[in-house]
Amino acid sequence: MARKRRFSIVAETSRGIPLKQIDVFNGDADGICALQQIRLATPCNSELVTGVKRDINLLGRVEAAEGDRITVLDISLDKNRTALERLLDQGVRIDYFDHHFAGDIPASLNLAAHIDTSADTCTSLIVNHFLNSAHILWAITGAFGDNMHQAAIDAAKPLALSDEQLHGLQHLGECINYNGYGLTLEDLHFAPDELYRHIAPYADPFSFMHESTAFKKLSDGYATDIAQARDVSAHIETEKTCVHILPDQPWARRVSGVYGNELARNHPDRAHALITETDQGFYRVSVRAPLTSKEHADTLCMKFPTGGGRKGAAGINELPTDMFNSFIEAFTATYS
């Protein structure tokens, strides 16, 4: 894990003038649950910058001045390098938590980098370590949502949770993650910043599940959409690989990621590709490496424009239609 200067993640004041705190986070379960832990530990009124799960070039949206603070959660440093360097040069202090490919980490006293690209961790677990397990139930929820089931179970062992409680946290994580997928915010049940605001008052995820109408809406939508996905036959299926093509429909865009996770759990020795059609001249691709190895998904997807991710799970935001066959050949060659 790469670490640089360590400082608290809360806005300060300078000569009585409040400084701006900006929280930049992936709109999936890992990003939201990581932010939930941090703001439970260090409450403040912050500006939220987020988007659909695949909208990862988030730092480019940020305008900040010297002395402002930014906390970045679950977006690739490498994909945001130009904006990061700009903000650091402006004197902005940045805490960066992530588990995606980072490349070279800028050397700056304004940057505290907490980055671990190991295949068995996620941003929620990195934050949990940073906070000494202060809000571990939300870390477990984020890990389940990021399809890190064994890591979530391992993190939960000291708590002696029942099977029912573990299943509840798993379902919550998967529902939050499910909400992040979509081509646009209009595809989602909740914009990710709105969903975070529903979650923010709850230190206990079980209370959120029992009391929040937002959770019921997510759970009901998840059940409906995953049932439709399970009815779609595989386009290609071999012992080592499987490809599903989902239609150009909001439900398919919402469910593609969590359905890929489900397929990976059900067939841990097989690689899976979920390809969602669009009417904009490209496909959207989700890749899940075999859970028994958790390798090569990031390097495979980075061979194609707009591709990226991590070793066990990656994607291509906009695969040109004329590169479809090239992707299938590369996917098959990678995992055969």
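Select F206, which sits in helix α8 (residues 205-211); helices here are DSSP runs of H or I with at least four residues, strands are runs of E with at least two, and both are numbered from the N terminus. With a relative accessibility of 14%, F206 counts as buried, a word that stands for under 20% relative accessible area, with exposed for over 50% and partly exposed for the range in between (1.4 Å probe, protein chains only). Show its neighbours next: leaving aside residues up to four places away in sequence, F206 touches L137, Q165 and L169, where a contact means heavy atoms within 4.5 Å. Draw a distance from F206 to L169: the C-alpha atoms are 7.7 Å apart, while 37 residues separate the two in sequence.

The model on screen is predicted, so local features need a pLDDT of at least 70 and side-chain atom pairs count only at pLDDT 80 or more, whereas totals for chains, interfaces and linings use all residues. Residues are numbered from 1 along each chain as its sequence is written, and side-chain values use heavy atoms, with hydrogens and water left out.

Go on to helix α9 (residues 213-230) and pick A223. A223 is partly exposed, at a relative accessible area of 44%. Measure across to V255: the C-alpha to C-alpha distance is 9.9 Å, for a sequence separation of 32 residues.

Now select α3, residues 123-130. Seven of the eight residues in this helix are buried, and the helix is mostly covered. The buried ones are T123, S124, L125, I126, V127, N128 and F130. To see what lies over them, display the surrounding elements, which include helices α1 (29-41), α4 (136-145) and α5 (149-156). Strands β5 (69-73), β6 (93-98) and β7 (111-115) also belong to this cover.

Step past the end of α3 to N132. Where does N132 lie? It lies in the loop between α3 and α4. Its phi is near 55°, a positive value in a residue other than glycine. N132 is exposed, with a relative accessible area of 67%.

Continue into α4. Nine of its ten residues are buried, so the helix is largely enclosed by the rest of the structure. Colour I136, W138, A139, I140, T141, G142, A143, F144 and G145 to pick out the buried set. After α4 comes N147, and its phi is positive too, near 65°.

For another backbone of this kind, move to T306, in the loop between α11 (297-301) and β12 (307-309). The phi of T306 is near 65°, again positive in a residue other than glycine. T306 is partly exposed, with a relative accessible area of 39%.

Zoom out to the whole protein. How many helices and strands does it have? The secondary structure comes to twelve helices and 13 strands. Along the principal axes, the C-alpha atoms fill a box of roughly 65 × 45 × 35 Å. The radius of gyration is 19 Å, which agrees with the value near 20 Å for a compact globule of 336 residues; it is taken over C-alpha atoms, and the globule rule is 2.2 Å times the number of residues to the power 0.38.

Colour by burial next: 58% of the 336 residues are buried. Among contacts with a separation of 6 or more, 66% link residues 24 or more positions apart. Switch on the surface, of which about 13700 Å² is exposed, with 48% supplied by carbon and sulfur atoms; the areas come from the Shrake-Rupley method with a 1.4 Å probe.

Then mark the charges. There are 31 positive and 44 negative ones, and their mean positions are 4 Å apart. Lys and Arg count as positive and Asp and Glu as negative, while His and the chain ends are not counted; each charge is placed at NZ of Lys, CZ of Arg, CG of Asp or CD of Glu.

Finish by colouring on pLDDT, the predictor's confidence in each residue, from 0 to 100. The average is 93, and 95% of the residues score at least 70. Last, select residues 1-7, where pLDDT stays under 50. For this stretch the model has 33 contacts beyond four places in sequence.
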